[in-house]
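Reader: I have a structure open and would like to go through it. Can we take it piece by piece?

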Amino acid sequence: MAAEPCPPCRAFDRLDKQVRDGALSKTEAERRFAGLIAELDAGFGGGAAAPWVFPLRGHTLAKAGADAARGYVAAGYDYFDGNRHGGHPSFDLFIADRNRDSLDDRSGSPVTVVAMTAGIVVAAETSWAEDSFLRGGKYLWIYDPVEHLLFYYAHNRDLLVGVGDRVEPGTSIATVGRSGFNAAKQRSPTHLHLTGLEIVGGHPSPVNILPQLRKARTLPVN
């Protein structure tokens, strides 16, 4: 899918990689982040929020993450710490993949990751090598300017959208994979790493989206 023109999205993607790699002071990163969020809100905000869709097609929270709440730890997390951040303000949603080939054991096919809400892709990492220390592997950041939420979908196998693409609830955005420093290790079950950040006053803070995941609609497998 060809990405739509979106200058603040491209700028956010550049900023995200600078933050990730520790190439920018926290003060400057925070200033730029707030400015870009304001641009995105002005350009894409408005409208009403739609019901959420569960991020793994054909899965429910009970199937993919019955113990997901136990792994959510917001303390110690700061987006601006980049690849060295602490905490785990996230939910790991697992697929059935005993042989670690990133395919569903029952269907033999990849599991599709879908957008939970409407938004716009503001950052993406499209490549990852097994000797990389990058924790998220192939990842996407999608900003929802209606609910003012920034979502991180990580450890993907393939990305199906790019920076600047608009998505709706249920849009296919990636396939579940094992990319990322720890996710690639044999001991790690195959999963989607999912984080939600709430933007208040231009600043991102972790938000527990477990209630929304419990109520989210599941899309059938095509």
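Author: First a definition: buried means under 20% relative accessible area, exposed means over 50%, and partly exposed is in between, with a 1.4 Å probe and protein chains only. Helices (H or I, at least four residues) and strands (E, at least two) are DSSP runs, numbered from the N terminus. This is a predicted model, in which local features need pLDDT of at least 70, side-chain atom pairs count only at pLDDT 80 or more, and totals for chains, interfaces and linings use all residues. Residues are numbered from 1 along each chain as its sequence is written, and side-chain values use heavy atoms, with hydrogens and water left out.

Reader: OK. Which residues of α2 are exposed on the other side from the buried ones?

Author: T27, R31 and A42 are exposed there. The buried residues of α2 are A29, F33, L36, I37 and L40. These cover an arc of only 105° around the axis (taken from the directions from the helix axis to the C-beta atoms), which puts them on the same side of α2.

Reader: Why would residues that are not neighbours point the same way?

Author: An α-helix has 3.6 residues a turn, so residues three or four places apart point the same way.

Reader: What do the buried residues of α2 pack against?

Author: They pack against α1 (7-20) and the strands β3 (119-124), β4 (138-144), β5 (149-159), β8 (191-200) and β9 (203-206). Contact here means heavy atoms within 4.5 Å.

Reader: And what span should α2 have?

Author: Helix α2 has 19 residues (26-44), so at 1.5 Å a residue its expected span is 27 Å, and its end C-alpha atoms are 26 Å apart, which agrees. The expected span is 1.5 Å times one less than the number of residues. After α2 comes G46, with a positive phi near 100°.

Reader: Which residue other than glycine has a positive phi near 60°?

Author: That is R100, in the loop between β1 (90-94) and β2 (112-114). S102 is not a glycine either, and its phi is positive at about 65°. S102 is also in the loop between β1 and β2.

Reader: Is S102 buried or exposed?

Author: S102 is buried, with a relative accessible area of 8%. R100 is partly exposed, at 24%.

Reader: New topic. How much space lies in the largest pocket?

Author: About 500 Å³. On a 1 Å grid over the protein atoms alone, a pocket is an open set of points where a 1.4 Å probe fits, with protein on both sides within 12 Å along at least five of seven lines, and lining residues have an atom within 4 Å of a point. Points are joined across faces, edges and corners, and the volume is the space filled by probe spheres set on them.

Reader: Which residues lie nearest its centre?

Author: H85, R135, G136, Y152 and H193, out of 29 that line the largest pocket. α1, β1, β4, β5 and β8 each supply at least two residues of that lining.

Reader: How about the second largest pocket?

Author: The second largest pocket holds about 190 Å³ of space. It is lined by 13 residues, and R57, S107, P110, V111 and V221 are the closest to its centre.

Reader: Last one. Where is D13?

Author: D13 is in helix α1 and is buried, with a relative accessible area of 14%. Leaving aside neighbours within four places in sequence, D13 is in contact with V122, A123, A124 and V163.
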